Protein chains: 2
Amino acid sequence: MPDATSKLKVAAEAPCEAPHLDGAASAARRQRLMTSPAVEALAETFRILGDPTRVRIIDVLASGELCVCDIAELVGMSESAVSHQLRLLRGMRLVRPRRSGRQVYYTLDDQHIIALFRQGLRHVLEERAGTRR
Amino acid sequence: MPDATSKLKVAAEAPCEAPHLDGAASAARRQRLMTSPAVEALAETFRILGDPTRVRIIDVLASGELCVCDIAELVGMSESAVSHQLRLLRGMRLVRPRRSGRQVYYTLDDQHIIALFRQGLRHVLEERAGTRR
DNA sequence: TGAACATATGAACAATCGCTCATATATTAC
DNA sequence: GTAATATATGAGCGATTGTTCATATGTTCA
């Protein structure tokens, strides 16, 4: 059962007086809702992916491991900026570091992310191509 | 060809002096990079999805059309806050409005989004379950 | 040891965010 | 027309963001 909104009365959710869901349909609907922790975690994941620099970092890592300075070069940002972003990505377990001498090599730590990118691009491309309606 | 970083010299990307990609591998890698517009568009999409309120809105719409006041009730936010967020989601063509009398009913405007959510949740769940390493 | 290099991190700052509140628009009923 | 309802939007404000710059940490080589 979701817990963020369940403090509200469960039966009728109707501040507007319209052809509404009846109590049963409404309750059924509430039960399908994601739990608060799931909502937070999902939003957090998308939030981390929602920045061009981080998208670029993940993109360059998609074809394999790279050290920080190469990432910085390829994405066209300072090494400091990249390092800060890598920390966030590490925190979300999206990338994983491997030290070798002075450099630290980063890899994608979850192949789901590549699938996520592809799925996201599918939406983006539909946007630009279609413009139906 | 990507255009944001291509102003930099294309051959060697090595401020650090390490066992590096050679020129050929580096060039090949550069060519696989997403274009800047694609990067921006993808990041923008994820950014819009990266907020708990918007995740909740999409979640409640996943089981079908709802008017604004019902959405507000189900996600536990003010109608004004929800309306502001719906505007963003509309702008990204993630939801679509349909007016019927005084109410405006919203639907998901792209089934890709549901797939994106599922894919995102797959990452999130792996996090919580595994904690390997 | 000390200098040079690669990366990480803290502080600071402008820019952006998501909310609230007040107000505007649109529709319905009278 | 006016009043009431449903939604949309602009202004404003505290909170968060992503960068830069300075500094700290960790590694290699002499």
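Let me start with a pair of strands in chain B: β1(B) and strand β3, residues 103-108 of that chain, run antiparallel and are joined by two bridges. Before going further I should say that this is a predicted model, and everything that follows should be heard with that in mind.

Within that pairing, B:C67 stands opposite B:Y105 of β3(B). The two strands belong to an open sheet of three in chain B, ordered β1-β3-β2 and paired antiparallel. Its edge strands are β1 (66-67) and β2 (95-100) of chain B, each of which pairs on one side only.

Two helices of chain B lie across this sheet. Helix α3, residues 52-61, lies across β1, β2 and β3 of chain B and runs at about 90 degrees to β3(B), while helix α5, residues 79-91, lies across β2 and β3 of chain B, at about 120 degrees to β2(B).

Let me turn to the nonpolar packing. As a general matter, nonpolar side chains in soluble globular proteins tend to be buried together. Here the largest nonpolar core has 68 residues, and those with the most contacts inside it are A:I71 and B:I71. Helix α2 of chain B, residues 36-49, gives the largest share of this core, with eight residues. If we leave aside residues up to four places away in sequence, B:I71 touches B:I57, B:V60, B:L61, B:L66, B:V82, B:L86 and B:Y106.

Now the charged pairs, where the count comes to 10 salt bridges over all chains; I will take three of them.

One is formed by the side chains of A:E73 and B:R30, at 3.8 Å from N to O. This pair crosses between chains, from helix α4 (residues 68-75) of chain A to helix α1 (residues 23-32) of chain B, and both A:E73 and B:R30 are buried.

Another joins the side chains of B:E65 and B:R98, at 2.8 Å from N to O. Because B:E65 lies in the loop between α3 and β1 of chain B and B:R98 in strand β2 of chain B, the pair ties together parts that are 33 residues apart in sequence. B:E65 counts as partly exposed, at 32% relative accessibility, and so does B:R98, at 39%.

The last is between the side chains of B:R96 and B:D109, at 3.5 Å from N to O. It links strand β2 of chain B, where B:R96 lies, with the loop between β3 and α6 (112-130) of chain B, which holds B:D109, 13 residues apart. Its two partners differ in burial, since B:R96 counts as partly exposed at 34% relative accessibility, whereas B:D109, at 8%, counts as buried.

Notes: Residues are numbered from 1 along each chain as its sequence is written. Chains are lettered from A and ligands numbered from 1 in the order in which they are written. This is a predicted model: local features need pLDDT of at least 70, side-chain atom pairs count only at pLDDT 80 or more; totals for chains, interfaces and linings use all residues. Side-chain values use heavy atoms; hydrogens and water are left out. A nonpolar core is a set of buried Ala, Val, Leu, Ile, Met, Phe, Trp, Tyr and Cys residues joined through side-chain atoms within 4.5 Å. Buried means under 20% relative accessible area, exposed over 50%, partly exposed in between (1.4 Å probe, protein chains only). Helices (H or I, at least four residues) and strands (E, at least two) are DSSP runs, numbered from the N terminus. Contact means heavy atoms within 4.5 Å. Two strands pair if DSSP finds at least two bridges between them. Axes are lines fitted to C-alpha atoms, for helices over the stretch in contact, and angles run from 0 to 180 degrees between N-to-C directions. A salt bridge is a side-chain nitrogen of Lys or Arg within 4 Å of a carboxyl oxygen of Asp or Glu.
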